[in-house]
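Q: Please look closely at one part of this model. Start with the charged side chains and follow where they lead.

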Amino acid sequence: MAAQTEESDTAREQTKAEQDVDQVRQRAARDQKRLDSGAVTNPKDLENLQSEIASLAKRQGDLEDVVLEVMERREAAQGRAAELSERVDSVAAKVEDATARRDAAVAELDSEEAGVRKERETLAAAVPEALLTLYGKIREREGGVGAARLYQRRCEGCRLELNITELNEVREAPADAVVRCENCRRILVRTPESGL
Ligand SMILES: [Zn+2]
């Protein structure tokens with residue numbers, strides 16, 4: 001915006017400088033016409049007129065230098081504004097792209113969440129009420145993980161290996177008993193790979 005403001009400011013400055021040149025040029029042309037008409041005969045007046053024409057020529061030259069200087073600044077400002085505008089467009093395109101990718105990712109996660117929720121509902125419906133309550137309590141206390149697989153004698157919740165006594169207890173427990181890790185108290189899920 002600053003570059004665009006500078007651009008329009010210098011454009012205005014150029015118009016003003018060109019008008020100044022025009023005024024001086026017109027006045028010099030009027031003087032020259034009077035001089036050429038021969039209407040001025042008094043030597044003093046003639047001298048004054050010639051001197052004014054000379055000083056107007058000098059003034060015109062100075063003002064034309066001003067116009068050139070303003071034009072240079074205007075071109076530089078235009079270049080800067082164009083370059084910045086290009087960068088703004090490029091950044092805006094990146095933002096648009098990132099937003100689209102984020103939206104797509106969010107939509108995918110939403111859909112995945114809906115699927116997982118549905119799956120959980122189905123599974124939870126098959127779990128006894130009391131066990132589900134226990135699981136919920138442990139899950140809340142243990143950072144979202146209420147049950148862990150017992151894998152090669154190790155609780156995958158806290159990563160600790162069960163000792164012989166604990167392993168024996170798990171081994172002797174009925175298949176439908178709820179066994180828990182002595183260390184983290186999570187529900188242990190037995191599988192053929194539990195190492196029992
Ligand atoms: Zn554990």
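A: **Charged pairs and the sheet**

Aspartate 20 has a relative accessible area of 21%, and that makes it partly exposed. Why is it not called buried? Because buried means under 20% relative accessible area. Keep in mind that this is a predicted model.

Aspartate 20 has a partner. Lysine 16 forms a salt bridge with it, and their closest N and O atoms are 3.1 Å apart. Both residues lie in helix α1, which covers residues 2–37. They are four residues apart, and that is about one turn of the helix. Lysine 16 is also partly exposed, at 48% relative accessibility. It does not count as exposed, because that word is kept for values over 50%.

How many salt bridges does the structure hold? There are 18. Here is one between neighbours in the chain. Glutamate 142 and arginine 141 form a salt bridge, with their closest N and O atoms 3.5 Å apart. Glutamate 142 is partly exposed, at 24%. Arginine 141 counts as exposed, at 52% relative accessibility.

Now take a pair with a longer reach. The side chains of arginine 149 and glutamate 193 meet in a salt bridge of 4.0 Å, N to O. Arginine 149 sits in strand β1, while glutamate 193 sits in the segment after β4, so this pair ties together parts that are 44 residues apart in sequence. Arginine 149 is partly exposed, with a relative accessible area of 33%. Glutamate 193 is partly exposed too, at 43%. Elsewhere, salt bridges with shared partners join Glu13, Glu69 and Arg73 into one network.

Stay with arginine 149, and look at the sheet around its strand. Which order do the strands take? The sheet is open, has four strands, and runs β2-β1-β4-β3 with mixed pairing. β2 and β3 stand at the edges with a single partner strand each, so each has one side without a neighbour in the sheet.

Strand β1 covers residues 147–151 and pairs with β2 in the antiparallel sense, over two bridges. Tyrosine 151 has arginine 154 in β2 as its bridge partner. Helix α3, residues 129–141, packs on this sheet and touches β1, β3 and β4. Its direction makes about 105 degrees with that of β4.

Follow β1 into its hairpin with β2. Two residues lie between the strands there. In this hairpin, glutamine 152 takes a positive phi near 50 degrees.

Then turn to the other pairing of β1. β1 and β4 pair in the parallel sense, over three bridges. Alanine 148 has leucine 188 in β4 as its bridge partner.

What follows glutamate 193? Serine 194 also lies in the segment after β4. Is it buried or exposed? Serine 194 is buried, with a relative accessible area of 0%. Apart from its neighbours within four places in sequence, serine 194 is in contact with Leu150, Tyr151, Gln152, Arg153 and Val189. So one of its contacts, Gln152, belongs to the hairpin of β1 and β2 with its positive phi.

The edge strand β2 leads to the metal. Which residues are the protein donors of the zinc ion? They are Cys155, Cys158, Cys181 and Cys184, each through its SG atom, lying 2.3 to 2.4 Å from the ion. The angles among the four donor atoms are 107 to 114 degrees, and the site is tetrahedral. For four tetrahedral donors, the ideal angle at a metal is 109.5 degrees. Along the chain, the donors of the zinc ion follow the spacing C-x2-C-x22-C-x2-C. Cysteine 155 is in strand β2, residues 154–155, and cysteine 181 is in the loop between β3 (179–180) and β4 (187–189). These two are 26 residues apart, and the pair links distant parts of the chain. Cysteine 155 and cysteine 181 are both buried.

One last stop takes us back towards helix α1. Alanine 82 is found in helix α2, residues 43–125. It is partly exposed, with a relative accessible area of 43%. Its C-alpha atom is separated by 8.7 Å from that of glutamine 4, though the two residues are 78 apart along the chain.

Terms used. Residues are numbered from 1 along each chain as its sequence is written. This is a predicted model: local features need pLDDT of at least 70, side-chain atom pairs count only at pLDDT 80 or more; totals for chains, interfaces and linings use all residues. Side-chain values use heavy atoms; hydrogens and water are left out. Donors are N, O and S atoms within 2.8 Å of the metal (3.2 Å for Na, K and Ca); water is not among the atoms, so sites may look incomplete. Four donors count as tetrahedral if all angles lie between 85 and 135 degrees; four count as square planar and six as octahedral if opposite donors are over 155 degrees apart and all others between 65 and 115; anything else is irregular. Buried means under 20% relative accessible area, exposed over 50%, partly exposed in between (1.4 Å probe, protein chains only). Two strands pair if DSSP finds at least two bridges between them. Contact means heavy atoms within 4.5 Å. Axes are lines fitted to C-alpha atoms, for helices over the stretch in contact, and angles run from 0 to 180 degrees between N-to-C directions.
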